[in-house]
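Here is a small set of exercises to work through with the model open beside you. Try each task before you read its solution.

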Amino acid sequence: MTFRRRAGRDSMTAVIKTVNLVKIYQNGGVPVTAIDGVDLEVQSGEFVAIMGPSGSGKSTLVHMLGGLDTRTSGEIWLDGKRVDTLSESAWAMLRRKKVGFVFQFFNLVANMTVADNVELPALLAGATPAQARERREYLLDALGLTERADAPPAQLAGGEQQRVALARALANEPSLLLADEPTGNLDSRNTRDVLRLLGEVHSRGQTIVMVTHDARVASLADRVVSLLDGQIVDDGEIPTPRLRPRSGAGGVVELRG
Ligand SMILES: Nc1ncnc2c1ncn2[C@@H]1O[C@H](COP(=O)(O)OP(=O)(O)OP(=O)(O)O)[C@@H](O)[C@H]1O
Ligand SMILES: [Mg+2]
């Protein structure tokens with residue numbers, strides 16, 4: 001059984017679409033179904049939080065969406081193009097242009113400075129050095145990392161490395177930002193910086209799919225998709241508190257005494 005998001009939106013603009021997506025790992029000959037028939041559509045500009053208990057398949061799902069893991073069956077479409085059948089090299093090209101990642105292991109290049117780590121994806125994608133530098137300066141500033149620009153990643157704290165990984169993922173202005181618990185190692189101040197930047201890029205139209213355990217982080221999203229045992233068990237928009245009328249407001253005359 002799969003939960004289908006209600007229809008009615010224009011699927012032409014879907015950045016992500018999966019059709020009956022399945023991932024079965026073989027654990028020493030024992031099959032483990034990590035993703036079990038997921039139909040997910042994410043529209044351009046949406047900010048989707050993926051939640052669910054440990055082992056529910058969140059990382060497996062986002063890894064497949066970014067081509068870091070292969071699917072067992074089903075289809076994955078990115079920007080209207082079928083991608084689950086692509087070769088690894090075709091995926092590498094596509095990722096360079098369209099997908100930014102922030103994962104739990106940051107994979108920063110050890111012998112390059114923070115600044116170069118952030119500029120590299122933009123340069124690989126064809127930005128001029130001036131454009132790459134400008135984007136890097138903006139991102140490092142937004143994340144409070146400007147003073148660390150010339151340091152090698154090994155000299156940074158875990159939370160700083162995580163923010164560099166976010167800056168790097170956003171360097172290309174990707175069609176899709178995938179993040180697996182991007183605030184997992186951060187203290188509350190750094191979490192605030194990361195969330196502020198995510199909110200800012202989202203307000204400029206960035207599509208974001210983010211795994212999180214943290215309900216406060218998820219509350220920044222437009223929509224929460226809940227996974228359980230590899231299936232979508234809930235998929236709903238988050239009501240915007242600003243749009244809810246406050247109780248007692250709206251011309252109600254309060255009578256006392
Ligand atoms: N490389 C792998 N080989 C075998 N089994 C795997 C592999 N990766 C994940 N699994 C299994 O697939 C299931 C889903 O794992 P996944 O990592 O996607 O969960 P998750 O929701 O991200 O959990 P967490 O919140 O702990 O990060 C689990 O049962 C896990 O043990
Ligand atoms: Mg995970």
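The exercises below cover sheets, a ligand shell and helix packing.

This is a predicted model, in which local features need pLDDT of at least 70, side-chain atom pairs count only at pLDDT 80 or more, and totals for chains, interfaces and linings use all residues. Residues are numbered from 1 along each chain as its sequence is written, while chains are lettered from A and ligands numbered from 1 in the order in which they are written.

**Exercise 1: the six-stranded sheet**

Task: Work out the strand order of the open sheet of six strands and name its edge strands.

Solution:
- Start with the vocabulary: strands (E, at least two residues) and helices (H or I, at least four residues) are DSSP runs, numbered from the N terminus, and two strands pair if DSSP finds at least two bridges between them.
- The order is β6-β7-β8-β3-β9-β10, and the pairing is mixed.
- β6 (99–102) and β10 are the edge strands, each pairing on one side only.
- From one strand to the next, the twist averages 15°.
- At the β6 end, four bridges pair β6 with β7 (residues 176–180) in the parallel sense, and glycine 100 has leucine 177 in β7 as its bridge partner.
- β3 (residues 47–51) and β9 (residues 223–228) are parallel and joined by four bridges, with isoleucine 50 opposite valine 225 in β9.
- β9 and β10 (residues 231–237) run antiparallel with six bridges; leucine 227 has isoleucine 232 in β10 as its bridge partner.
- Their hairpin has two residues between the strands, and aspartate 229 takes a positive phi near 50° there.

**Exercise 2: the four-stranded sheet**

Task: Find the order of the open sheet formed by four strands, and its pairing sense.

Solution:
- The order reads β2-β1-β4-β5, with antiparallel pairing.
- β2 (30–43) and β5 (81–82) are its edges, each pairing on one side only.
- Between β1 (residues 14–27) and β2 there are 11 bridges; in one of the pairs, valine 22 has aspartate 36 of β2 as its partner.

**Exercise 3: the shell of ligand 1**

Task: Which element gives the most residues to the shell around ligand 1?

Solution:
- Count a residue as near the ligand if its C-beta atom, placed from the backbone, lies within 6 Å of it.
- Residues in the shell include Tyr25, Asn27, Val32, Ala34, Lys58, Ser59 and Thr60.
- β1, β2 and α1 (58–65) each supply at least two residues, and α1 gives the most, with three.

**Exercise 4: two helix pairs**

Task: Classify the packing of α5 with α6 and of α3 with α4 as parallel or oblique.

Solution:
- Two packed helices are described by the angle between their axes and the distance between the axes.
- Axes are lines fitted to C-alpha atoms, for helices over the stretch in contact, and angles run from 0 to 180 degrees between N-to-C directions.
- Angles under 35 degrees count as roughly parallel, over 145 as roughly antiparallel, 65 to 115 as roughly perpendicular and the rest as oblique.
- α5 (residues 158–170) and α6 (residues 188–203) pack at about 10°, with axes 11 Å apart, which makes α5 roughly parallel to α6.
- Among the residues in this contact (C-beta atoms, placed from the backbone, within 7 Å) are Leu166 of α5 and Leu197 of α6.
- The axes of α3 (residues 114–124) and α4 (residues 129–142) come within 9 Å and cross at roughly 130°, so α3 and α4 are oblique to each other.

Conventions. Two residues are in contact if their C-beta atoms, placed from the backbone, lie within 7 Å.
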